[in-house]
Structure formats: structure tokens, C-alpha cells
Amino acid sequence: MSHFENSLAFAQEMDAKDPLKSFRERFHIPNFHEKQIRYFTGNSLGLQPKSTKEYILEELDAWQTYGVEAHFLAKKPWFSYHENLTNKIAEVVGALPIEVVVTHSLTTNLHLMMVSFYRPKGKRTKLICEAKAFPSDQYALESQVKFHGLDLKENLIEISPRDGEHLIREEDILAKIAEVGDELALVMIGGVNYYSGQLFDMKSITEAAHKVGAIAGFDLAHAAGNINLKLHEWGVDFAAWCSYKYLNSSPGGVSGLFIHERHAKSPELPRFAGWWGHEKETRFLMEPGFKPMKGAEGWQLSNAPVLGMAAHNASLDVFMDAGMDRIGEKRDLLTAYLEFIVDEISERNKEKCSFEIITPRDKTKRGAQLSILVHGKARELFDTLTNEGVISDWREPNVIRVAPAPLYNSFEDVFYFGQILEKSI
Ligand SMILES: *Cc1c(COP(=O)(O)O)cnc(C)c1O
């Protein structure tokens, strides 16, 4: 985009015009370094909203005052605490409230989803995923295939970028789905790839899976709170995400899961059960015989970790005030500005060190992350950036991931990132 300029005055003008500029004030920006921190790792651990402490203190006070009776006497009764989050997270991921629940942690939820949705039968046993998925997803997928006593090599099909390329071609995913056809049980892919920042077309992958009679599920760890998702409309079968990346809801924070209403309302769908998924009215009768709640809530195992959920609630209220539409607009503009700055610096310094942005150039194929492949002394460059106060993320062998989070990063942050990057070369 040629209307950008690599100058402080330009960056400050962009900030002045930014409809979300006041949101930065609602976050604690880290300050532990002699140099000012420029934080670009909201894709790994989002920053703390200033309101989080107050939300958590409210529940500590309820515990102090009421003990166990806070389950019913607290201002937000713990018995149904997760219900405070349902409508908000439904809006963030584009779902009906009945299709979502906040519960457990991400990898646990992926397993619970596969218990219900990866049930190999007859010749329909195969699972398609992306090559080099996030390690936890790899382990989860492998262990699910093995759990069913199936051969990994034969049943876990990984799709890689073509030789010499960094991104997976969507046409290759769709072609593989068609090719595996009636042997395909499940496609499970990261909606946004954590390494490359590539966003996949979840609607067409879902349609292709359904066309051959398979299920489509997505890990949205890098998509929730980042991408304008429409899970219900796209017909996605299931999804799960964590809340501590773009959703700023505390380290190891509670996860969310989505189950399309066409499945969520089926009590007969097999699942691993626990008391919190049992019909609310009769839960405390403690009678034998599991009767699942209707909707995604019927997949809950355990009572709510209220303190973590309070942090999530604080953050989701910030999201509700900002609105996913405005977040998406700023995300595209801020990421494009970062792209412009990196390209300009790369061009000017190509004798010494050059940068190749491997994340898609097309803004409809990415979110708030650029993965920069460094040709030259990559690790030294990364360490210098860190010493200068830039918090970004290193991935072997030579990729730096930089995520400008629209709620709290400014155009000025991006400008200074460029200044420090150029100085570090
Ligand atoms: C961050 C991330 C995880 C982390 O899983 P936890 O169960 O929350 O530790 C898993 N998968 C992907 C794709 C991730 O990006």
C-alpha cells in the first residue's frame, strides 16, 4: 500500500485517526526493561486488561464472604458462572449461544471433540491435518488415531506446502479431501497456522469435507479474537480455541468450544461425560444415568474455574466494547503498515540482510501476524531486537513472528519496530 510512510509523524497521524485508539489505555503495557517495550506477542500471550484485577477480586471477595454459598449468593453465582461468557464468546466466533461453551483447556477440548467426532468405522478411518501442526495438536491427533488401534502412517494424512513454498495451497487441501473421499473421517486444521500466519478458508474446507461425508473441525487458537469468524454460517462441525492469545484472558486461561447446533442438540451423540454436562435442573440430585444438557454445555465435564473465567469475562467485555468489525478493520490496516515497513527496510538493506514475509500478502488470507523469514544472521538479529525492547517470537530455524494486536498496539509501535529492526541489522 503506497499511501503509507515510514515516519513518526505519519504513524502518529494514523494513531490520531484510529477509532480504537483509546483501547490501548485499557491495557497494562509491560515495562520491565530499561528501554520502552514494544509488545508484539499478543499471538502467544495477550496483554492484561486493567479491568481484569477487579473482576478477579470480585470473586475472591465472594469466596471470602460466602465460602461455598457463593455458588448461589455471589453477584455472579458460580453455579452458572460460565453463562456470563456464552453470549459474548458466541459473538466473537460467529456462533449461536447454544453452540458454544467456555470450559476446560484447549488440548483437552480437542480430545473431547475428537471423542465425539472422530469415530472411525469400516473404511472411513482417515484424518487429514496440516503438516507441522502445533505440537500439541500433532500429539493429540496421533494419539487419537492410535487410540483406535489404527496405523498412523496409513490414517493420518498431513498436507504440506509444495517444494520450495512456505504456505499450504488451499487447492491441495480440497483435492486431498476429494481424493480420500469415503475413507475420510475427519479434517482437522488450524484455522490460522501458528507458524506462517496463513488463514484457511474454513467455509470451503467444511463444504469439501461434507461433500465426501466427513466431518470438519478447526483449532482456532490463533483465530479466536483475531479473525472475523462465522462458524455457524460456514457450517463448521466443531472448533476449539484458547483464550490467552488474542483473547487476553490470562496465562493458561480457560478454553472455548463450538459444536454446530445440528450436532449440539443431539443427546445421543457419543461423548465423554461429567457432572457439569448433566441437565442443570437435576444435576445435584446426583442420580445415576447421564442426561446431557442441550447444546455445547452438554460437553462440560467439571465445575467452572471461576477465577480464570473472571479474567476471560473482563477481556470479553473489552471485546464487546470494541466490536469485532472495528477490530478487524484496524487489524488489516496495522498489519499492512507493518508489512510496508518490513518491505521497505528489507529493500534498503538487502546487501546485508533481507527479510521474506512468508505470511500471505492477501489480507483476506491472514490475521494480525507476519512471519518474517530472515536471510542472514537471524538469531543474532532476534536477540538484538529483544535487547532493544521489542518482544517478538522466535521459531527455528530463522523465523521471527510479529503480531500487532489491534486492541493495544499502535501505529507508533510499528514505526518503532521498524526503527529498531533497521538499527539491529
Ligand atoms: C497455543 C496453542 C495450543 C496450546 O494448547 P493448550 O492446551 O492451551 O496448552 C494448542 N494448539 C495450537 C494450534 C495453539 O496455537
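These are my notebook entries on one predicted protein model.

**Entry 1: the whole chain**

I started with the overall picture. I found 15 helices and 13 strands in the chain. Next I looked up the box that the C-alpha atoms fill. Along the principal axes that box is roughly 70 × 60 × 30 Å.

Then I checked the radius of gyration. A compact globule of 425 residues would have a value near 22 Å. The chain has 22 Å, so the two agree.

I also asked how much of the chain is buried. Buried residues make up 56% of the 425 residues. The accessible surface comes to about 18,200 Å². Carbon and sulfur atoms hold 53% of that surface.

I turned to contacts with a separation of 6 or more. Of these, 71% join residues 24 or more positions apart.

Last, I looked at charge. The chain has 48 positive and 59 negative charges. Their mean positions are 1 Å apart.

**Entry 2: helix H12**

I picked helix H12, residues 306-322, for a closer look. How far apart should its ends be, at 1.5 Å a residue? The 17 residues should span 24 Å. I found the end C-alpha atoms 24 Å apart, which agrees.

Is H12 enclosed by the rest of the structure or open? I noted that 12 of its 17 residues are buried, so H12 is largely enclosed. Among the buried ones are Val306, Met309, His312, Asn313, Leu316 and Phe319.

I then listed what these buried residues pack against. The partners are helix H2 (52-66), helix H4 (83-93), strand E2 (100-102) and helix H13 (324-348). Just after H12 comes Gly323, with a positive phi near 85 degrees.

**Entry 3: two residues in helices beside H12**

I followed two of those partners. Thr86 lies in helix H4. Thr86 has a relative accessible area of 11%, under the 20% cut-off, so I put it down as buried. Leaving out residues up to four places away in sequence, Thr86 touches Pro97 and Val100. I also looked up its distance to Asn313, which is one of the buried residues of H12. The C-alpha atoms of Thr86 and Asn313 are 9.7 Å apart, although 227 residues separate them along the chain.

Thr335 sits in helix H13. Thr335 is buried, with a relative accessible area of 1%. Setting aside neighbours within four places, I found Thr335 in contact with Arg366, Gly367, Ala368, Gln369, Leu370 and Pro404.

**Entry 4: two pairs along the chain**

Next I looked up Ile391, in strand E11 (residues 390-391). Ile391 has 17% relative accessibility and counts as buried. Where is Thr41, 350 residues apart from Ile391 along the chain? I found their C-alpha atoms separated by 6.5 Å. Thr41 is also among the contacts of Ile391, once neighbours within four places are left aside. The others are Phe32, Ile37, Arg38, Tyr39 and Phe40.

I then took Glu279, in the loop between helix H11 (261-264) and H12. Its relative accessibility is 28%, so Glu279 counts as partly exposed. Ala11 is 268 residues away from Glu279 along the chain, and their C-alpha atoms are 54 Å apart. Beyond four places in sequence, Glu279 is in contact with Lys291, Pro292 and Met293.

**Entry 5: backbone angles**

I ended with the backbone. Most residues other than glycine have a negative phi, and most peptide bonds are trans. I looked for exceptions.

His104 is not a glycine, yet its phi is positive, about 55 degrees. I placed His104 in the loop between E2 and helix H5 (106-117). At 18% relative accessibility, His104 counts as buried.

Met286 also has a positive phi, about 55 degrees, and is not a glycine. Met286 lies in the loop between H11 and H12. Is Met286 buried or exposed? With a relative accessible area of 56%, Met286 is exposed.

I noted one cis peptide bond, from Glu396 to Pro397, with omega near 0 degrees. Pro397 lies in the loop between strand E12 (393-395) and strand E13 (399-402).

Note on methods. Residues numbered from 1 in each chain as written. Predicted model: local features only at pLDDT ≥ 70, side-chain atom pairs only at ≥ 80, totals over all residues. Heavy atoms only, no water. Helix = DSSP H or I, 4+ residues; strand = E, 2+ residues; numbered from the N terminus. Rg over C-alpha atoms; globule rule 2.2 N^0.38 Å. Buried < 20%, exposed > 50% of the residue type's maximum accessible area, 1.4 Å probe, protein only. Contact = heavy atoms within 4.5 Å. Areas by Shrake-Rupley, 256 points an atom, 1.4 Å probe, with all protein chains shown as cover. Lys, Arg positive; Asp, Glu negative; His and termini not counted. Charge placed at Lys NZ, Arg CZ, Asp CG, Glu CD. Expected span 1.5 Å × (residues − 1).
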